[in-house]
Amino acid sequence: MYLFRRDLKNKHQVEINVPHLKYMMCLNESCLNPYQKVQAEFLEIMKHINLNRYHSSITAELYQEIACYAGTQKDHLILGNGADEMLYYLFTAVRDNRNSFALSLSPSYFDYQSYCDATGLQLKNLSFRKDFSFDIDCFMQLAHEPDCRLIILCNPNNPTGNLLPKQVIIRIIEENPDILVLIDETYFEFSGITFVDDISKYNNLVIIRTFSKAFSAAGLRFGFLISAPENIKEIKKVVTAFNLSILTQAMALAIIRHKQLFLDYNQMIIREREKMYYKLKTMSQIQVFKSSTNFLLFRYKDYIDLFSYLKENEIAVRNVGNEGILQNCLRVSIADEILNGIFIKTVSEFGL
Ligand SMILES: Cc1ncc(COP(=O)(O)O)c(C=O)c1O
């Protein structure tokens, strides 16, 4: 007798397979530790917090600060534990029946599949072409199938690093008024491209953001969702009470009060990304792709050997080489000048 939801039986548990090496360039994290930067502010906020209570007055303030940062209003927001939790809530809220599906492009963020599995939503993917464009007419056809409940566009896309053309995104939103369109803007601060201003125009538009990348706070687990107030009301029906720890809120507030520090740091990451791109480009055996994120995707024929060599040298990168059009590809997160230098030196020593 199976005691759980029947469709879970053939699914796999989310596997967290992270190597613990000295130089972590595999998860698109930041190498700046935010706590060192905002410790005093955090401790000051903590003085006014009562951890014996569920509620805190800082919640309203955090909503206000985030709304101001994102260029929206408080009633357009849900705050939570990373973009991942926002995905989970959204998938839960749109699933209607066992045929309900989300439509996305592949390759994209690996955990769309995990959270679809967890919430009982199917995931249909249309493959990108080799140049990371896609067949928009075919995509629209899939979207028009009866049980399509959500369209997911990762912009810029992980792991390819590219942005989708703005007019294509707008067309998808406009031609599917009865389907929610999620734009995952996890890497927004590195691309500068956002659809937040379109939230007031389109009531089928949902955006998610995170503090895990640009705000150096992957371990904090803080992210947020932006949409029209009527969508927020519906999604909130599946949000657990007091979903966000007061400690997380206090740290998020300390970080957002010091946002300029992180935004300046991101400018350095963008400069480093361009430097690294050109260095990899000079290596004739490597094909490197332009990126609007804090990582680079590159192809090399003996990528498994290179991956192992980097690992032997304590450098962790992400192996994405068995993903269809990403054959022979690795993904490397951009760090500071020193770490990027170590990476490039090691790749050169490998013989490239
Ligand atoms: C595209 C994309 N969406 C969502 C996430 C999850 O972010 P968070 O750490 O905020 O849960 C990631 C993390 O790498 C990502 O790359």
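User: Which residues have the most contacts inside the largest nonpolar core?

Analyst: Bear in mind that this is a predicted model. The largest nonpolar core holds 91 residues, and Leu153, Val181, Leu182 and Ile255 have the most contacts inside it. Helix H3 gives the most to this core, with 8 residues.

User: Where does this core lie with respect to domain 1 and domain 2?

Analyst: It lies between them, because domain 1 (15-30 + 260-349) and domain 2 (45-257) both give residues to it.

User: Let's pick one of those core residues. What is Val181 in contact with, leaving aside its neighbours within four places in sequence?

Analyst: Its partners are Ile151, Leu153, Ile172, Ile173, Asn176, Asn204, Leu205 and Val206. Two names on that list, Ile172 and Ile173, are also buried residues of helix H6.

User: Then how do I read a helix like H6? Which of its residues are buried?

Analyst: Start with the general idea: an α-helix has 3.6 residues a turn, so residues three or four places apart point the same way. Now the case here. In H6 (residues 166-175), the buried residues are Ile169, Ile172 and Ile173. They sit on the same side of H6, because they cover an arc of only 95° around the axis. Gln167, Glu174 and Glu175, on the other side of H6, are exposed.

User: What covers the buried residues of H6?

Analyst: The cover includes three strands: E5 (148-154), E6 (180-184) and E7 (205-210).

User: Back to the domains. How many residues of domain 1 are in contact with domain 2?

Analyst: As a general idea, the size of an interface is often given as the accessible area lost when the parts come together. Here we count contacts instead: 24 residues of domain 1 are in contact with 22 residues of domain 2. On the domain 1 side, helix H10 (259-281) and strand E10 (295-299) are the elements that give two or more residues. H10 has the largest share, 5 residues. By type, that side divides into 11 nonpolar, 8 polar and 5 charged residues. As for spacing, the centres of the two domains, taken over C-alpha atoms, are 25 Å apart.

User: Last one: the ligand. Which residues come nearest?

Analyst: There are 13 residues around the ligand, and Gly82, Ala83, Asp84, Thr210 and Ser212 come nearest. Helix H3 (residues 82-94) gives the most to this shell, with 3 residues. H3 is also the element that gives the most to the largest nonpolar core.

User: And how does the shell divide by residue type?

Analyst: Into 4 nonpolar, 7 polar and 2 charged residues.

Definitions and conventions: Residues are numbered from 1 along each chain as its sequence is written. This is a predicted model: local features need pLDDT of at least 70, side-chain atom pairs count only at pLDDT 80 or more; totals for chains, interfaces and linings use all residues. A residue is near a molecule or strand if its C-beta atom, placed from the backbone, lies within 6 Å of it. Helices (H or I, at least four residues) and strands (E, at least two) are DSSP runs, numbered from the N terminus. Ala, Val, Leu, Ile, Met, Phe, Trp, Tyr, Cys and Pro count as nonpolar, Asp, Glu, Lys and Arg as charged, and the others, Gly among them, as polar. Domain bounds come from an automatic or database domain assignment. Two residues are in contact if their C-beta atoms, placed from the backbone, lie within 7 Å. A nonpolar core is a set of buried Ala, Val, Leu, Ile, Met, Phe, Trp, Tyr and Cys residues joined through C-beta atoms within 7 Å. A residue is buried if 20 or more other C-beta atoms lie within 10 Å of its own, exposed if 12 or fewer, and partly exposed in between; C-beta atoms are placed from the backbone. The arc is that of the directions from the helix axis to the C-beta atoms.
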